[in-house]
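These are my notebook entries from a session spent looking through one model. I began with packing and then moved on to the sheet, the helices and the sulfur atoms.

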Amino acid sequence: MYAIHYTASEWDKYVWFTSLIKQYGHPLKPIWNTEEDYRPDEAGNVSKSFLIAHYLQGMDKVFYFLAKDIVDAKGNLVYHGLFDSNNNQNPSMLELQQLKSFLSRGGYLGAQADGSNVVFFFSDTEQIRTLNMIAWNIGADTYTLPKGISGCQVTDATGKSMASISKQPVSFNSQPSYLTCSTDVGFKPQSQTSFQNSQTKLANESSDYYHSL
């Protein structure tokens, strides 16, 4: 097993490391991201880092670095933990719970990026009566939902209800939005949308999609 840090927020490091393995003929082994952590005001990046590492970089495991806020040897507060010094949940922990709950609802369909928006798709069943999406914006353009979507309920990364969507186009911000969308009868993403596992595209355009973390 190979262990490296911050591969989601530093995509170039992941590309460099995998190329190095091939260059020197090292054996192929699982790569784990053994350290990711964010300040409370960066909590939205928790979802991004786990989605990127697991679904696009193909990592089996991602570890959040700090369980609880601590004071370092210099007396400085390190407040990147999942819990604060009084054992209260920090925003990062709330987002991890939201992400876990959301991902338990169905299987991964693929990811898309259009220059301004990054969207991950999940479905509840093969018939896809409910389409779940995690999306965020890294540009100026709005996003058009796939055809066959009749409406969506939107929550933020902590599970707080944000809005209902019934009109196009949709505006996302830099923090992940969680969408639970109802689909029309007979909805088939293979024919009506362009779902794709766009790992190559996203990797090649890493400066656009991941340096924003």
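**Entry 1: packing around Ile31**

I looked up the surroundings of Ile31 and found that, not counting residues up to four places away in sequence, Ile31 touches Tyr2, Ile4, Tyr14, Phe17, Thr18, Ile21, Met59 and Asp60. I note here that the model is a predicted one.

A second core, separate from the largest one, has 16 residues, among them Met133, Val154, Val170 and Phe172. I then listed the largest nonpolar core, which has 30 residues, and Ile31, Leu51, Phe120 and Ile134 are those with the most contacts inside it. At least two residues of this core come from each of strand 1 (2-4), helix 1 (11-23), helix 2, strand 3 (62-64), helix 3, strand 6, strand 7 and strand 8. Helix 2 supplies the largest share, six residues.

**Entry 2: the sheet**

In what order do the six strands of the open sheet lie? I read the order as 6-7-8-11-9-10, with antiparallel pairing. Strand 6 (107-113) and strand 10 (161-165) are the edge strands, each pairing on one side only. On average, neighbouring strands of this sheet are turned by 20° against each other, direction ignored.

At one edge, strand 6 runs antiparallel to strand 7 (residues 117-123) and is joined to it by six bridges; Ala111 stands opposite Phe120 of strand 7, and Phe120 is also one of the residues with the most contacts inside the largest core.

**Entry 3: two helices and Ser47**

Next I followed the helices that lie across the sheet strands. Helix 2 (residues 44-56) lies across strand 6, strand 7, strand 8 (130-137) and strand 11 (177-183), and runs at about 65° to strand 7. Helix 3 (residues 91-103) lies across strand 7, strand 8, strand 9 (149-155) and strand 11, running at about 20° to strand 11.

Within helix 2 I picked out Ser47 and asked whether Ser47 is buried or exposed. Its relative accessible area is 0%, so Ser47 counts as buried. The side chains of Ser47 and Tyr178 are joined by a polar contact of 2.4 Å. Leaving aside neighbours within four places in sequence, I find Ser47 in contact with Glu95, Leu99, Pro176 and Tyr178.

**Entry 4: strand 9 and the disulfide**

Why is strand 9 largely enclosed by the rest of the structure? Because five of its seven residues are buried. Strand 9 is joined to strand 11 by six bridges, the two running antiparallel, and Gln153 stands opposite Thr180 in strand 11. Four bridges join strand 9 to strand 10, again antiparallel, and here Val154 has Ala163 as its bridge partner. In the hairpin of these two strands, which has five residues between them, I noted that Gly159 takes a positive phi near 95°.

I ended with the sulfur atoms. The count comes to one disulfide, formed by Cys152 and Cys181 with their sulfur atoms 2.1 Å apart. This pair links distant parts of the chain, with Cys152 in strand 9 and Cys181 in strand 11, 29 residues apart. The torsion about the S-S bond is about 105°, so the disulfide is right-handed. As for accessibility, Cys152 is buried at a relative accessible area of 2%, and Cys181 counts as buried at 0%.

Key
Residues are numbered from 1 along each chain as its sequence is written. This is a predicted model: local features need pLDDT of at least 70, side-chain atom pairs count only at pLDDT 80 or more; totals for chains, interfaces and linings use all residues. Side-chain values use heavy atoms; hydrogens and water are left out. Two strands pair if DSSP finds at least two bridges between them. Axes are lines fitted to C-alpha atoms, for helices over the stretch in contact, and angles run from 0 to 180 degrees between N-to-C directions. Contact means heavy atoms within 4.5 Å. Buried means under 20% relative accessible area, exposed over 50%, partly exposed in between (1.4 Å probe, protein chains only). A polar contact is a pair of N or O atoms within 3.5 Å; within protein, one must be able to donate a hydrogen and the other to accept it, and residues adjacent in sequence count only if both atoms are side-chain atoms. A disulfide is a pair of cysteine sulfur atoms within 2.5 Å. A nonpolar core is a set of buried Ala, Val, Leu, Ile, Met, Phe, Trp, Tyr and Cys residues joined through side-chain atoms within 4.5 Å.
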